[in-house]
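Q: Please take a close look at one part of this model and then set that part in its surroundings. I would like the cut-offs stated as the terms come up.

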Amino acid sequence: MATLDLASIGLKVGFEIHQQLATKTKLFCECSCSETDKYGYAFTRKLRPTQSELGIYDPAAVFEFKKMRTTKYYSAPGSSCLVEADEEPPHEVSKEALESALVFSLALRSRIVDEVHVMRKIVIDGSNTSGFQRTMLVANGGFVEIADKQGIKRVGVQTICLEEDAAKLISDGETAREYGLDRLGVPLVEIALEPISGTPEEMVQVALTLGRLLRASKRVARGLGSIRQDVNVSIQNGPVVEIKGVQQLDQLAKVIEHEAKRQHGLIMIADRIKAAGVSLEQIGDRLEDITNVFSQSDSSMVKKILSDKGAIFKAIRIRGFAGIIGFEPYLGIRLGKELGELVRFYGLGGVFHSDELPGYGIDEKQVKDVRDRLQASSRDAFVIVGGRQEIVEYAIQAIIQRLKAAMAGVPAETRAATSDGRTVFSRPRPGAARMYPETDIPTIPVSESMLEPLYGLVPKSWEQEINLLAAKYGLNRKLAEQVFDSDYLALFEEICSSQKADSKIQPTFVASKLTEDIVSLRRQKLDVSSLTEDMIREIFERLARGVITKESVPLVFEKLMKKEVGSVNDAISALGISVLTDAELDKALDKVIRDNMPAIKQKGMGSIGMLMGRSMAALKGRADGNRVNAMLKEKLEKLLASS
Ligand SMILES: [Zn+2]
């Protein structure tokens, strides 16, 4: 397998950053932006946009409508109203949100438009009750300055838009999708940057710098998912692949690298197809229903599919493709895998192909029968897909299209980032979204008098913010940077300011728990979202009351992130780490002393270091070191005085 030299493949990356704003209200109504999972009311809708609204013919979109999925929306009082339910026209654009977008435009030296027009952009997945997302262009042009080893570099800004966030996907079942309306209508600023070339690390620096600039304004929301990056990746001037949903910066470099490798692998696969002398018409030129060949199969995968009434298996002949579908130019990059991801879009589990058969319980005889049916030679490949007939027909068309596209290398499509830094197919790339003017909201002129007071709100540099934070809380520079860049700056300040004057909980301790400890747990692939801000507050409150020790804080984090327990209290009892009472500690230390009498007799007070070590090991963090030391010293003095 090859290794990839990233510098040699003309890697280009464009960022589109979606940043939630910390406004008091949503963009088009007076509801609060805070998220909830306690919904009080639900309603269902069926969205049936017309063909003309879909614009160009898009088989994926047609398929989604064919499924006629019902969409269920959940609402909660205070976080959604009749506007989110699309029962009432949108109210005026939030002044606070528009001001934030204008402040960022000034900070990025972007050209602000004379008039802001609210537009409707069609969305077809049910993520908006109205069937479209409202968006408005606020500025274009400008640049963000990136400091790197060579000095200051400028990355151009394409556009700055203010838009409404989509509803929150709660579940995506076969027959229904469920969304929460609490996130629908939350204001987002979308900043699209010019595509740049460079190493993945340099690109991470760009995203980091822009994120820091936004945060320095103190006008943006924090927390997981409050900043989302869409990344457009291409190599060798090829088609652009859009990757959605990168939420963590430490995931970004990996995602870019994986996608560059995937695209380069696809080009190597295309070279192989060309070398095999295959023509477009030879791909999928013969289809055969092979359900009866498979009906006697011992394969558990086949049996599972056939247990669904009306399920069929069809085989597709692909002439000249022998060895190509299973060819793996880079680890994990194969056409077979691409096909598997593709059919998952249609709700199927995967495909079988000739390069991996016999296998999966499908034997040689069945493989030969399929070949005979297809009249496939040893130079030809085949792909088998099984499921309900209607879905199989869609999937076959998609597979044939995908294999034809493989001859050209990389298809333009939309992919999703995985938490471990790969990308997976999510849908074919839609054509440019159609926009229509939003007739319910009047145009907003942007006058100089409107901008005048905003110049003073342009954020200080990130450097200045870090210095202020470090000085205020007595943090070293590294810790100040980590807290500032984390999702927990507001929580950090809140916890520190809630401490009593005599508190032993220092800001440095809080900062390192909220950054280094959480980051290291996240690197162990634990789910940071199951440790909520409320839980963190509660943990520090227990610590302040002396219920747990400092040493226990990361243990409680870990227990909660592993989802082994659902509350801080349960974590503390499951871990058995509540602080010992004086009587319990007394008893535990007496035992340590009894067990070590020979050493005490020999060394006298000199044995205290050893006793301290044994005690702390036995207590497993259930008592503070100073307390143990004091009690141990007292006991030892008494013991030695009496003997
Ligand atoms: Zn509302």
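A: The answer starts with one helix and then moves to the cores, the domains and some strands.

The model is predicted, so local features need pLDDT of at least 70 and side-chain atom pairs count only at pLDDT 80 or more, while totals for chains, interfaces and linings use all residues. Residues are numbered from 1 along each chain as its sequence is written.

The part chosen is helix α16, residues 533–544. Helices (H or I, at least four residues) and strands (E, at least two) are DSSP runs numbered from the N terminus. α16 has 12 residues and spans 17 Å from its first C-alpha to its last, close to the 16 Å expected at 1.5 Å a residue; the expected span is 1.5 Å times one less than the number of residues. The buried residues of α16 are I536, I539, F540, R542 and L543. They lie on the same side of α16 because they cover an arc of only 155° around the axis, the arc being that of the directions from the helix axis to the C-beta atoms. A residue is buried if 20 or more other C-beta atoms lie within 10 Å of its own, exposed if 12 or fewer, and partly exposed in between, with C-beta atoms placed from the backbone.

What do the buried residues of α16 pack against? Their partners are α14 (489–497), α15 (507–523), α17 (553–561) and α18 (568–575). Contact here requires C-beta atoms, placed from the backbone, within 7 Å. After α16 comes G546, with a positive phi near 80°.

The domain assignment gives domain 1 (6–273 + 432–437), domain 2 (279–406), domain 3 (462–575) and domain 4 (582–642); the bounds come from an automatic or database domain assignment. Between the C-alpha centres of domain 1 and domain 2 there are 35 Å. Each of these two domains puts 13 residues into the contact. On the domain 1 side, α2 (59–66) and α5 (249–275) each supply at least two residues, and α5 gives the most, with 9.

The largest nonpolar core has 102 residues, and V138, I160, F382 and I384 have the most contacts inside it. A nonpolar core is a set of buried Ala, Val, Leu, Ile, Met, Phe, Trp, Tyr and Cys residues joined through C-beta atoms within 7 Å. Helix α10 (residues 389–406) supplies the largest share of this core, 8 residues. Domain 1 and domain 2 each contribute at least three residues to this core. Beyond four places in sequence, the contacts of I160 include F104, L108, V138 and V189. A separate core of 39 residues has L531, I572, I577 and A623 among its members.

Among the strands, β6 (residues 118–122) runs antiparallel to β7 (residues 132–140) over 5 bridges and to β22 (residues 435–437) over 3 bridges. Strands pair if DSSP finds at least two bridges between them. K121 has Q133 as its bridge partner in β7 and M435 in β22. Elsewhere, an open sheet of 4 strands has the order β16-β17-β19-β18 with antiparallel pairing. Its edge strands, β16 (283–289) and β18 (352–353), each pair on one side only. In the pairing of β16, R286 stands opposite R317 in β17.
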